[in-house]
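Q: Please take me through one part of this structure in close detail, and keep the explanation connected from one step to the next.
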Amino acid sequence: MIAGNWKMYKTVAEAEAFIQALLPRVSTADGVDVAICPPFPALQAMVDSTRGSRVAVYAQNMHQAPEGAFTGEVSAPMLTELDVAGVILGHSERRELFGETDRALQLKVPVAFESGLQPILCVGETEEERDRGDTQRKLRHQVQEDLAKVPIERLGEIVIAYEPIWAIGTGRVATPEQAQEAIGFIRALVGDRSREAAESVRVLYGGSVKPDNAAELLALPDVDGALVGGASLDAESFAAIIAAA
C-alpha cells in the first residue's frame with residue numbers, strides 16, 4: 001500500500017490538476033493499493049475524479065462521535081456519505097500539535113472499522129525518545145492502547161504506519177535497519193494478541209520517503225508499503241514511489 005498524505009496542501013483546483021497527472025501514471029500499478037489523503041474540502045472532488053480508477057481517497061482525521069457539538073471536527077458518517085474509503089488516525093502532527101490522545105484513538109479506530117472506513121493508525125517516537133532508548137516503550141504503549149478496543153477478528157485488517165517523528169519532513173530517514181527493527185516490533189506487538197493478525201496486518205513506513213529511497217525501504221521483509229508526505233504532492237514523484245512498490 002502506498003498512501004499520500006497531503007496534509008494542509010492543495011486547493012480543489014490544485015488537487016484536480018494533480019489527479020489528472022497521476023491517474024495515467026498509475027493505471028498499470030498491479031498489486032499495489034494506492035491512496036491519496038487530501039484536505040477535507042477536496043475530498044468530494046477527489047472521490048468523483050478517481051471513480052473507476054485504482055486510486056482510493058482517504059481523509060486525514062475524524063472524530064469518534066457520529067455527530068455532536070464538536071466545532072471543527074468531522075464524523076465517520078460525513079466521510080462515508082462522500083464515498084471516502086479510509087482515514088488516517090493518530091498522525092504525529094495531530095498528536096503533537098493538536099493534542100490527540102491515545103484514549104481518543106482507542107475510540108476512533110473501532111468506529112472507523114464499524115463505519116466501513118479503512119483506518120491507517122500512525123505510531124512513532126520522537127528524536128528524544130529514540131536517543132533515550134525508549135522507542136520500543138513508546139511503540140508498545142501506542143499500539144496496545146490504540147488497538148485495545150479493536151475486536152480480535154478485525155485486528156489483521158488494520159494498517160499501521162510507523163513514522164519516526166524525527167524523520168518527518170526533516171529529510172532524515174530511518175536506516176533500513178532502524179525501520180525494519182521498529183516495524184518488526186510493531187508486528188510482534190500485534191502478534192501478542194493474534195499470531196494470525198500479525199501475518200495479515202500491513203505495516204507501512206513513513207518519514208521522508210522519496211523516489212530515490214523507496215525501493216530499499218519497500219524491500220525490507222516487514223515493510224508492506226509507505227505513507228508518503230512531501231513526495232506525494234508531486235504526481236511524478238508519487239508515481240515513481242508507486243512504481244517502486
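A: Contact here means heavy atoms within 4.5 Å. The model is predicted, local features need pLDDT of at least 70 and side-chain atom pairs count only at pLDDT 80 or more, whereas totals for chains, interfaces and linings use all residues. Residues are numbered from 1 along each chain as its sequence is written, and side-chain values use heavy atoms, with hydrogens and water left out.

A good place to start is glutamate 125, which sits in the loop between strand β5 (118-123) and helix α6 (127-131); helices (H or I, at least four residues) and strands (E, at least two) are DSSP runs numbered from the N terminus. Glutamate 125 has a relative accessible area of 0%, and therefore counts as buried (under 20% is buried, over 50% exposed and anything in between partly exposed, with a 1.4 Å probe and protein chains only). Once its neighbours within four places in sequence are set aside, glutamate 125 is in contact with Arg130, Thr135, Lys138, Tyr162, Glu163, Pro164, Ile165 and Trp166. With tryptophan 166 there is also a polar contact of 3.1 Å between the two side chains (a pair of N or O atoms within 3.5 Å; within protein, one must be able to donate a hydrogen and the other to accept it, and residues adjacent in sequence count only if both atoms are side-chain atoms).

One of those partners, glutamate 163, lies in the loop between β6 (159-162) and α8. Glutamate 163 is buried yet has no salt bridge, the nearest side chain of opposite charge being lysine 7, 6.2 Å away; a salt bridge would need a side-chain nitrogen of Lys or Arg within 4 Å of a carboxyl oxygen of Asp or Glu, and in assigning charge Lys and Arg count as positive, Asp and Glu as negative, while His and the chain ends are not counted. Leaving out residues up to four places away in sequence, glutamate 163 touches, among others, His91, Ser92, Cys122, Glu125, Gly206 and Leu227.

Another partner of glutamate 125 is Tyr162, which leads to the aromatic rings. Across the whole structure, a search finds two aromatic pairs (rings of Phe, Tyr and Trp, the last by its six-membered ring, with centres within 6.5 Å; planes under 30 degrees apart are stacked, over 60 edge-to-face and the rest tilted). Tryptophan 6 and phenylalanine 18 have ring centres 4.9 Å apart and planes at 75°, so this pair is edge-to-face. The pair links distant parts of the chain, with tryptophan 6 in the loop between β1 and α1 and phenylalanine 18 in helix α1, 12 residues apart. Tryptophan 6 is buried because its relative accessibility is 0%, and phenylalanine 18, at 4%, counts as buried too. Tyrosine 162 and tyrosine 205 have ring centres 6.3 Å apart and planes at 55°, so that pair is tilted. It links distant parts of the chain as well, since tyrosine 162 is in strand β6 and tyrosine 205 in strand β7, 43 residues apart, and both tyrosines are buried.

Strand β7 (202-206) is also among the elements that cover the buried residues of helix α10, together with β1 (2-5), α8 (176-193), β8 (226-228) and α11 (235-244). In α10 (residues 211-218), the buried residues are Asn213, Ala214, Leu217 and Leu218. Seen down the helix axis, they fall within an arc of 130°, so they line one face of α10; the arc is that of the directions from the axis to the C-beta atoms. The face turned away from this buried side carries the exposed residues Asp212 and Glu216.
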